[in-house]
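Hi,

Here is the structure I said I would pass on. Have a look at it first, and then read on for what I found.

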Amino acid sequence: MQKSTGNILAGNHTYKALVGMGETEIPAIFVDVDNETATRILLADNRTADLGEYDEQQLNQLLKGLEEFTGTVWAVTALIWCFYAIQAIREKSR
């Protein structure tokens, strides 16, 4: 988040999903940057998300090697995926 404005620069979808799940306290890292740098961070985050993909097999191996997911964001990501899956199932059953 940009310190001077409180704008989310990266993680907007994560934020929306957590709010949608009823979370009221969401951890954030504030960065002290000017507006141009903030815009660059926002654009870079969105573009890298567009270009990125996972090696599912390697990801599964890495995750299986951990005793817990603390500090990896994967626990939160799994909750977000579940949230969207439940929403999709509900919409299909309407």
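Of the contacts in the protein chain with a separation of 6 or more, 66% are between residues 24 or more positions apart. Keep in mind as you look around that this is a predicted model. The mean pLDDT of the protein chain is 82, with 87% of its residues at 70 or more. That confidence varies by element: α2 has the highest mean pLDDT, at 90, and helix α4 (residues 74-92) the lowest, at 71.

As for the overall layout, the protein chain has four helices and zero strands, so reading from the N terminus you get α-α-α-α. Buried residues account for 13% of the 94 residues. The chain exposes about 7900 Å², and 54% of that comes from carbon and sulfur atoms.

Now to the start of the chain. Q2 sits in the segment before α1 (12-20). Is Q2 buried or exposed? Q2 is buried, because its relative accessible area is 3% and the cut-off for buried is under 20%. Setting aside residues up to four places away in sequence, Q2 touches N7, L9, F30, V31, V33, D34, N35 and A38.

One of those partners, V31, is worth a visit too. V31 is in the loop between α1 and α2, and with a relative accessible area of 28% it is partly exposed. Not counting neighbours within four places in sequence, V31 is in contact with M1, Q2, K3 and L9. V31 and M1 are 30 residues apart in sequence, yet their C-alpha atoms are 6.1 Å apart in space.

I8 is also in the segment before α1. Its relative accessibility is 22%, so I8 counts as partly exposed. Beyond its neighbours within four places in sequence, I8 is in contact with M1, Y15 and L42. Measure from C-alpha to C-alpha and you will find I8 and A28 8.9 Å apart, with their positions 20 residues apart in sequence.

Next stop, helix α2. Does its length add up? Helix α2 covers residues 35-51, which is 17 residues, and at 1.5 Å a residue these should span 24 Å. The end C-alpha atoms are 24 Å apart, so the two values agree. At the start of α2, a side-chain oxygen of D34 comes to within 3.2 Å of the backbone nitrogen of E36. D34 is also among the residues that Q2 touches.

E36 turns up again in a salt bridge. How many salt bridges are there? The count comes to one. The partners are R40 and E36, and their closest N and O atoms are 2.7 Å apart. Side chains of opposite charge can pair when their charged atoms come close. Why can these two reach each other along the helix? R40 and E36 are four residues apart in helix α2, so about one helical turn separates them. An α-helix has 3.6 residues a turn, so residues three or four places apart point the same way. R40 counts as exposed, because its relative accessibility is 54%.

If you want a short route through the model, begin at Q2, which is buried, move on to V31 in the loop between α1 and α2, and finish at the salt bridge of R40 with E36.

Cheers

Definitions and conventions
Residues numbered from 1 in each chain as written. Predicted model: local features only at pLDDT ≥ 70, side-chain atom pairs only at ≥ 80, totals over all residues. Heavy atoms only, no water. Buried < 20%, exposed > 50% of the residue type's maximum accessible area, 1.4 Å probe, protein only. Contact = heavy atoms within 4.5 Å. Areas by Shrake-Rupley, 256 points an atom, 1.4 Å probe, with all protein chains shown as cover. Expected span 1.5 Å × (residues − 1). Polar contact = N/O pair within 3.5 Å; in protein donor to acceptor, adjacent residues only side chain to side chain. pLDDT = per-residue confidence, 0-100. Salt bridge = Lys/Arg side-chain N within 4 Å of Asp/Glu carboxyl O.
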